[in-house]
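Thanks for having me, everyone. I would like to spend a few minutes on where the charged side chains sit in one structure, and I will go slowly for those who are new to this.

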Amino acid sequence: MTDLATPVLDVRNLTKHFPIRRGVLRRVVGNVEAVTDVSFKVAPGETLAVVGESGCGKSTTGRALLRLIEPTSGQVMLDGADVTNLSRNALRQARRRMQIIFQDPYGSLNPRMTVREALSEPLLLHGVATPANLDAKVAEVLRLCGLSKFHAERYPHEFSGGQRQRVGIARALATRPRLIVCDEPVSALDVSVQAQIVNLLQDIQRELGIAYVFISHDLAVVRHIANRVAVMYLGRIVEEAAAKDLFASPRHPYTRSLIAAAPRPDPNVKRERIAVEGDAPSAMAPPSGCSFHPRCPIAVERCKVERPVLRQAGTSTVACHLAESQDAHMTGAVDKHHLNQTLIRRLEMLQAARQKSRDTA
Amino acid sequence: MTGSLLSVEDLRVQFKVGPHLYRAVDGINFSVERGRTLGVVGESGCGKSVTSLAIMRLVPQPPGLYAGGRIMFDGSDLLSTPDRQMRKLRGGRIGMIFQEPMTSLNPVYTCGEQIVESLRIHSNLSAQKARARAIELLDLVRLPSPSKRVDDYPHQLSGGQRQRVMIALALANDPDLLIADEPTTALDVTIQAQILDLMRDLQERTGTAILLITHDLGVVAETCDDVVVMYAGGVVEQARTADLFADPQHPYTIGLMAAVPRIDVEADRLATIEGSVPAPWTQLPGCRFASRCPLADEKCRSEPPPLHEISKAHAVACWKAPIEKVLK
């Protein structure tokens with residue numbers, strides 16, 4: 001499944017520094033180092049999750065991939081072709097193959113356009129549909145996203161949050177892209193709706209073989225949708241691994257603390273307390289050495305002076321001097337068999353009841 | 001009703017918007033015991049935040065309207081308390097924390113000034129003593145170098161630090177009840193963990209009762225003694241936290257729990273609750289959840305189920321409860 005020899009997306013040393021200008025002459029007095037030296041590959045049909053807390057550079061990375069923000073340096077290769085130095089026209093062509101879904105689809109949909117109009121535009125522009133088969137194509141995209149034909153005549157404000165996100169996904173799917181950047185697509189949704197959208201994204205991927213770059217701060221959602229996970233801290237990737245391995249044996253102390261901090265919806269499971277003190281430092285003045293060292297529970301002298309490079313340790317690629325020094329096994333993982341059996345049994349029976357009432361209807 | 005610090009009895013809050021009457025909170029009952037934490041959990045639009053605003057009497061009127069019920073706080077009804085006295089209670093015996101500390105703190109006053117103001121309104125401390133107490137409070141909520149930070153403006157602090165200041169402000173006058181409306185929702189997970197730990201420690205020290213409004217079952221499991229599950233303006237289930245998670249009864253509670261992705265369990269397809277919440281202006285004759293419930297029958301659609309106890313301290317508003325009898 002993860003064929004990284006011929007990746008659909010190959011990102012090399014992507015960097016985005018925003019200049020800070022001060023004074024009358026707007027002289028550059030410093031940089032916000034939003035993204036530094038980020039490299040990763042995404043295989044066709046796979047999901048790479050980019051996770052981290054606010055300000056870590058994950059959204060800037062997502063936008064720089066599509067050149068919605070111009071990267072400072074580095075390369076973005078889409079199907080082997082460099083996107084970073086394409087002309088405006090060529091870039092528009094490339095965007096047919098690379099789309100984005102935002103957290104708030106309301107902001108990305110024109111409130112004066114019906115869903116049909118919003119979908120027709122990319123379909124015609126990119127030659128995916130002709131005026132003759134436009135209606136059929138619109139209906140097809142809507143069906144894929146779990147919407148009905150009659151939704152096509154509605155305006156964005158007529159939809160609930162979950163449905164609006166379906167429209168956002170339909171818009172991204174219209175051009176049949178190879179890759180979709182999903183920037184916090186379920187963060188604004190309620191849990192029951194969030195589950196519907198996560199399932200929808202997985203179904204679409206299975207049906208169309210689209211690759212996702214899934215940007216999120218929610219590790220629990222990521223665990224359910226990602227094949228591989230890259231963890232970012234202060235503009236850099238600090239750990240990358242297959243999702244299974246990352247959650248079973250995280251190597252970077254920051255990854256460990258992120259996983260430990262997520263509240264468990266089960267009063268019988270006690271959260272492992274890994275003390276992370278304080279807040280993330282400013283990207284305007286990143287700390288020397290390893291940027292996590294001021295908050296790291298195991299930092300030593302070396303971490304303050306020497307920046308660790310990404311290297312292989314166990315099942316992860318990790319940027320930590322001490323990656324091998326601690327037991328990587330994450331305690332507190334729950335086996336499926338230890339899950340609340342009552343809940344599972346009751347859920348199955350509710351589902352059976354729904355199936356039965358559907359069959360009789 | 002002895003021991004209950006706060007008891008909400010058949011509370012109804014409505015909003016008149018254009019031609020519609022929104023029944024945001026439609027006859028709910030629950031109580032908060034002294035020294036315990038009650039979680040109110042539900043999805044957007046279920047009425048949990050309106051409930052917390054109603055208790056503080058902060059529902060704007062109009063368009064809001066207290067359409068019935070009582071809110072008994074330590075023996076007196078907050079809904080019939082004069083405004084003057086209500087102002088004394090807020091920030092005094094009832095502390096409040098909101099989701100976004102930046103919008104609840106005043107940007108043109110330093111953190112210290114805001115705490116000092118609250119202290120001096122509610123007691124007759126001298127300016128000097130109040131400042132010393134403010135620093136003490138900032139230290140209590142573990143703000144680093146409190147004697148320096150006391151003179152910082154809110155914008156000079158990070159999100160997590162601001163929420164610490166909010167907590168210090170809420171605890172300034174040793175409240176009996178702390179109302180926390182989504183206190184960690186805007187924060188990153190590592191900061192959320194710090195704030196939840198802090199709230200738990202402070203409760204052990206001060207014995208304050210907490211009413212915690214949240215959408216996150218994980219936060220409930222970690223911090224609450226008791227839980228109320230709300231759906232579309234009503235309470236559908238109420239129990240001790242351990243009992244709710246071990247023995248979820250209402251089909252909505254079961255669906256909600258199963259829909260939460262878990263970080264500690266190998267991935268599988270997520271369970272969903274089909275359909276969506278009914279529009280808040282629709283007046284349903286029966287159970288609010290009937291349109292989405294696989295077990296719903298004629299009775300469910302025509303008659304609203306009352307909240308009734310099925311075992312000690314565990315109440316469910318469902319005609320099918322106890323559910324193990326239906327699901328054989």
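I will talk about salt bridges within each chain, then about the interface, and then about two acidic residues and a helix.

Please keep in mind throughout that what you see is a predicted model, and that every value I mention is computed from it.

Counting over all chains, the structure holds 40 salt bridges, and I have picked a few to walk through. The pair I begin with is A:Asp183 and A:Arg63, whose closest N and O atoms are 3.3 Å apart. This pair links distant parts of the chain, since A:Asp183 belongs to strand β7 of chain A, residues 179-183, while A:Arg63 belongs to helix α1 of chain A, residues 58-65, and the two are 120 residues apart. Are these two partners buried or exposed? A:Asp183 has a relative accessible area of 4% and therefore counts as buried, whereas A:Arg63, with 29%, is partly exposed.

Staying in chain A, we find another salt bridge between A:Arg143 and A:Glu207, with the closest N and O atoms 3.9 Å apart. Here two helices are linked, because A:Arg143 lies in α5, residues 134-144, and A:Glu207 lies in α7, residues 191-208, with their positions 64 residues apart in the chain. Both A:Arg143 and A:Glu207 are exposed.

Turning to chain B, B:Arg142 forms a salt bridge with B:Asp201, and the closest N and O atoms are 2.9 Å apart. B:Arg142 sits in the loop between α5 and α6 of chain B, and B:Asp201 sits in helix α8 of chain B, residues 189-206, so that the pair, 59 residues apart, again links distant parts of the chain. Both partners are partly exposed, B:Arg142 at 42% relative accessibility and B:Asp201 at 29%. Chain B also has a network, in which salt bridges that share partners join B:Asp10, B:Arg12, B:Asp26 and B:Arg288.

Now let us look at the place where the chains meet. How many residues of chain B are in contact with chain A? There are 57 of them, and they are in contact with 54 residues of chain A. The two chains bury about 5100 Å² between them, and 56% of that area is on carbon and sulfur atoms. Three residues, B:Arg262, B:Ile263 and B:Asp264, supply 15% of the area that chain B buries against chain A, which is more than any other three residues supply.

Charge plays a part in this interface too, for there are six salt bridges between chain B and chain A. One of the pairs to look for is B:Glu324 with A:Arg346, where the closest N and O atoms are 3.3 Å apart. Across the interface there are also 16 residue pairs in polar contact, both residues having pLDDT 80 or more. Among the elements that give two or more residues to the side of chain B that touches chain A are α7, α9 and α13 of chain B, but α8(B) gives the most, with eight residues. If we sort the residues of that side of chain B by type, we get 29 nonpolar, twelve polar and 16 charged.

Next come the two acidic residues. A:Asp190 is found in the loop between β7 and α7 of chain A, and although A:Asp190 is buried, this residue has no salt bridge, the nearest side chain of opposite charge being that of B:Lys48, 5.9 Å away. Leaving aside residues up to four places away in sequence, A:Asp190 touches B:Glu43 and B:Ser44.

B:Asp152 lies in the loop between α6 and α7 of chain B. With a relative accessible area of 15%, B:Asp152 is buried, and, again leaving aside residues up to four places away in sequence, B:Asp152 touches B:Thr110, B:Cys111 and B:Leu157. B:Asp152 and B:Tyr109 are 43 residues apart in sequence, and their C-alpha atoms are 8.7 Å apart in space.

Finally, let us return to the helix that holds A:Arg63. How many of the residues of α1(A) are buried? Six of its eight residues are, so the helix is mostly covered, and the buried ones are A:Lys58, A:Thr60, A:Thr61, A:Gly62, A:Ala64 and A:Leu65. After α1(A) comes A:Arg67, whose phi is positive, near 60°.

Conventions
Residues numbered from 1 in each chain as written. Chains lettered and ligands numbered in written order. Predicted model: local features only at pLDDT ≥ 70, side-chain atom pairs only at ≥ 80, totals over all residues. Heavy atoms only, no water. Salt bridge = Lys/Arg side-chain N within 4 Å of Asp/Glu carboxyl O. Helix = DSSP H or I, 4+ residues; strand = E, 2+ residues; numbered from the N terminus. Buried < 20%, exposed > 50% of the residue type's maximum accessible area, 1.4 Å probe, protein only. Contact = heavy atoms within 4.5 Å. Buried area = accessible area lost by both parts, 1.4 Å probe. Polar contact = N/O pair within 3.5 Å; in protein donor to acceptor, adjacent residues only side chain to side chain. Nonpolar A, V, L, I, M, F, W, Y, C, P; charged D, E, K, R; others polar. Lys, Arg positive; Asp, Glu negative; His and termini not counted.
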